[in-house]
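This report describes helix packing, aromatic pairing and surface character for the model shown here.

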Amino acid sequence: MRQEPKPKTIYARGADDGLWMGLYITFAMALVCGSLFTSWLQIPAMAVALGVPFLTYFFLRRTHVAAHGMTVFSALWMQGIVMFACASLIFGAVAFVYLRYVNPGFIQGVFTYLIDFYGGMEEDGAQALADELRMVADSNAYPRPAVLVLGEMWTVMFSGSLLSMVVGALARIKRVPISQG
């Protein structure tokens with residue numbers, strides 16, 4: 001006697017989808033970081049970053065359809081929150097390894113780039129910002145990789161939870177067709 005597979009909870013779906021979202025966000029951030037030094041990467045970086053809401057919709061809509069249109073808004077929102085929490089863990093681990101071990105001079109390189117960028121502008125505010133950045137660089141008071149990564153992880157989780165709230169509502173708008181059995 002074959003037993004039907006137990007349906008996944010929203011937490012399990014969020015964790016599974018979080019793996020893919022984490023890899024996607026990591027790829028997006030790799031393009032963004034690369035675009036600081038290679039200008040042609042700016043367009044693909046923007047395109048991939050703009051794909052996050054569509055991927056979120058795909059995952060949440062898939063859950064709603066699998067539940068025959070019976071998923072409540074709060075469940076979809078919670079799935080999105082779990083998805084972005086798991087995604088931020090994957091992103092954070094990769095980003096920390098990159099900043100700490102693979103390219104430990106990345107943060108200093110970004111500061112140098114920003115000092116040159118703002119120092120080349122004629123506006124007073126830009127010059128003041130370049131001076132502030134120069135003081136940080138001169139005193140070697142760069143932010144540590146762990147601090148930057150934790151901040152980015154919180155940003156991914158917070159913005160992802162807000163995005164999931166909106167997308168969760170949108171995923172429920174379109175009716176789910178009645179399956180022909």
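The text below turns to a helix and its packing, then to aromatic rings, and lastly to a surface patch.

The model is predicted, so that local features need pLDDT of at least 70 and side-chain atom pairs count only at pLDDT 80 or more, while totals for chains, interfaces and linings use all residues. Residues are numbered from 1 along each chain as its sequence is written, and side-chain values use heavy atoms, with hydrogens and water left out.

Helix 5 (residues 106–119) has 14 residues and reaches 20 Å from its first C-alpha to its last, close to the 20 Å expected at 1.5 Å a residue; helices here are DSSP runs of H or I with at least four residues, numbered from the N terminus, and the expected span is 1.5 Å times one less than the number of residues. Phe106, Ile107, Val110, Phe111 and Ile115 of helix 5 are buried, where buried means under 20% relative accessible area, exposed over 50%, and partly exposed in between, with a 1.4 Å probe and protein chains only. These buried residues pack against helix 1 (10–35), helix 4 (73–102), helix 6 (124–138) and helix 7. In helix 1 lies Thr26, which counts as buried because its relative accessibility is 16%. Leaving aside residues up to four places away in sequence, Thr26 touches Ile90, Phe91 and Val94, a contact being heavy atoms within 4.5 Å.

Aromatic rings pair if their centres lie within 6.5 Å (Phe, Tyr and the six-membered ring of Trp), with planes under 30 degrees apart counted as stacked, over 60 as edge-to-face and the rest as tilted. By this rule the count comes to nine aromatic pairs, and two of them are tabulated here.

| Pair | Centre to centre | Angle between planes | Class |
|---|---|---|---|
| Phe37 and Phe106 | 6.1 Å | 80° | edge-to-face |
| Phe96 and Tyr101 | 6.3 Å | 85° | edge-to-face |

The pair of Phe37 and Phe106 links distant parts of the chain, 69 residues apart, with Phe37 in the loop between helix 1 and helix 2 (42–50) and Phe106 in helix 5. Phe37 is partly exposed because its relative accessible area is 46%, whereas Phe106, at 11%, is buried. Phe37 and Phe106 also belong to one aromatic cluster with Tyr98, Tyr113, Phe117 and Tyr118.

At the surface, Tyr57, Phe158, Leu162, Met165, Val166, Leu170 and Ile173 make a nonpolar patch of about 650 Å². Its largest share, six residues, comes from helix 7 (residues 145–173). Patch residues have over 30% relative accessible area and no salt bridge, and nonpolar side chains (Val, Leu, Ile, Met, Phe, Trp, Tyr) are joined within 5 Å, like charges within 9 Å; a salt bridge is a side-chain nitrogen of Lys or Arg within 4 Å of a carboxyl oxygen of Asp or Glu. Accessible areas come from the Shrake-Rupley method with a 1.4 Å probe, and for residues only the protein chains shown count as cover.

Terms used:
Helix = DSSP H or I, 4+ residues; strand = E, 2+ residues; numbered from the N terminus.
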